[in-house]
Amino acid sequence: MQRHSTSDGQAATLAIAGDWTLRHYATLRREVERNRRLLNEADRIELDAMGELDTAGAGLLVELLGPTRALQVDQWAPELPAERKALLRTVANALDKPPAELPAQTHALADVLAHIGRTVAGVWNQQRTLLGFVGLTLQTLFTVLPNPRRWRITSLVAHIEQTGLDAIPIVALLTFLVGAVVAFLGATVLADFGATIYTVNLVAFSFLREFGVLLAAILLAGRTASAFAAQIGAMKSNEEIDAIRTLGLSPIELLVLPRVLAMLITLPILTFIGIISGILGGLVVCSLALDISPAMFFTILQRDIPLNHFLVGIGKAPVFAFLIAVIGCLEGFKASGSAQSVGEHTTSSVVQSIFMVILLDAVAALFFMEMGW
């Protein structure tokens, strides 16, 4: 890079020569820094002796000449090859953009409150979506039920087997063990008051009203809702749901209704099995540890436990079943085409189902207590 002054001292010529590439970047950087302070707008630039040019060299050249002069390269260097002119203009346009403004720093408390607000808004939108999907499912259900030709018995039976029969062992085992634990705890506390005999009432009340339906619903929320979300999410990622719509079929009728009806049938049955298993667990503990014979156990059940407690527990099962099935199917439909999205919505279906089951069970318990049922 050589600078030649004219005789009048007003303007000079800057001759740029050599290779302007990344290999010579350090040397070129020093030359640019030295000549940039001496270069005026009236100075003439010569690029005839310039060798190779790459993006790094073009950036230094634009920095030397300024973005404005580099954009006008056609006027003062018409002999320059077209590809080099295009490179200089592209680099000049990129360097001429104003620097991006840094985000304003916010207070940590404001960030926490903003995150809470976004979370609450997300939960609200999620509940609105769930309510709309519940309405769509009920509308389709009431449309299909009067028309037996549209019933999908094969799919219904398959889902009953998947959600009900296959879940009987785990539901029975878990409720049996919980019944034994409740009996142990109840006996430990009641023994201090000499009321060990009321362990029978404790086990019966807890499983007839709460634990039977609650444990069965939580198990199905983790086992079945996740399966529904994964199955429908995989179908959506494989574009099978789009194919169903293309054939003129309703995905709600084809995929959701059989799963919902299967859950409405199986959860009350599993609840009944859970109640029986929990009471049997308490019976085993009472027989082996509390000297309460099976005959006495069943006599106390028949004498002190009215039927309405069983009806309260079994009556909550269809409501829980409907919500679990609808949430699982909705999360499957919300999944996108990636495997990560299917996994996220499968997890979300389990969390939402368990949360809704426990929330509704608490509200129902308060309602029944106030009503005296």
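Me: How many residues does the largest nonpolar core have?
Reply: Happy to start there, bearing in mind that this is a predicted model. Phe133, Val256, Met263, Leu267, Ile324, Val326 and Phe333 are the residues with the most contacts inside this core. Counted in full, the largest nonpolar core has 38 residues.

Me: Which element gives the largest share of this core?
Reply: The elements that give two or more residues to the core are α6 (108–144), α9 (199–237), α10 (240–246), α11 (251–289), α13 (307–334) and α14 (339–371). The largest share is 12 residues, and the helix that gives them is α13.

Me: And how many residues are in the second, separate core?
Reply: Val32, Leu39, Val62 and Leu88 are included in that separate core. Its total is 23 residues.

Me: Good. Which residues is phenylalanine 333 in contact with, leaving aside its neighbours within four places in sequence?
Reply: Phenylalanine 333 is among the residues with the most contacts inside the largest core. With those sequence neighbours left aside, its partners are Phe133, Ile232, Lys236, Ile241, Pro251, Ile252, Leu255 and Val256.

Me: Are α9 and α13 roughly parallel or roughly perpendicular?
Reply: Let's take the geometry step by step. The axes of α9 and α13 come within 8 Å and cross at roughly 15°. Angles under 35 degrees count as roughly parallel, so α9 and α13 are roughly parallel.

Me: Is the crossing of α9 and α13 left-handed or right-handed, and how do the residues of the contact divide?
Reply: The crossing of these two helices is right-handed. By class, the residues of the contact of α9 with α13 come to 18 nonpolar, 6 polar and 6 charged.

Me: What about α6 and α11: roughly parallel or roughly perpendicular?
Reply: The axes of α6 and α11 are 10 Å apart, and the helices pack at an angle of about 90°. An angle of 65 to 115 degrees counts as roughly perpendicular, so α6 is, relative to α11, roughly perpendicular.

Me: Which residues of α6 and α11 make the contact?
Reply: By class, this contact has 9 nonpolar, 2 polar and 1 charged residues. From α11 come Ile252, Glu253, Val256, Leu257, Val260 and Leu261, and from α6 come Phe133, Leu136, Thr137, Thr140, Leu141 and Val144.

Me: One last thing: is glutamate 239 buried or exposed?
Reply: Glutamate 239 lies in the loop between α9 and α10, and has a positive phi of about 65° although it is not a glycine. Most residues other than glycine have a negative phi. With a relative accessibility of 54%, glutamate 239 counts as exposed.

Methods. Residues numbered from 1 in each chain as written. Predicted model: local features only at pLDDT ≥ 70, side-chain atom pairs only at ≥ 80, totals over all residues. Heavy atoms only, no water. Core = buried A, V, L, I, M, F, W, Y, C linked by side-chain atoms within 4.5 Å. Buried < 20%, exposed > 50% of the residue type's maximum accessible area, 1.4 Å probe, protein only. Helix = DSSP H or I, 4+ residues; strand = E, 2+ residues; numbered from the N terminus. Contact = heavy atoms within 4.5 Å. Axes fitted to C-alpha atoms, helices over the stretch in contact; angles between N-to-C directions. Parallel < 35°, antiparallel > 145°, perpendicular 65-115°, else oblique. Left-handed = near helix turned anticlockwise from the far one by under 90°. Nonpolar A, V, L, I, M, F, W, Y, C, P; charged D, E, K, R; others polar.
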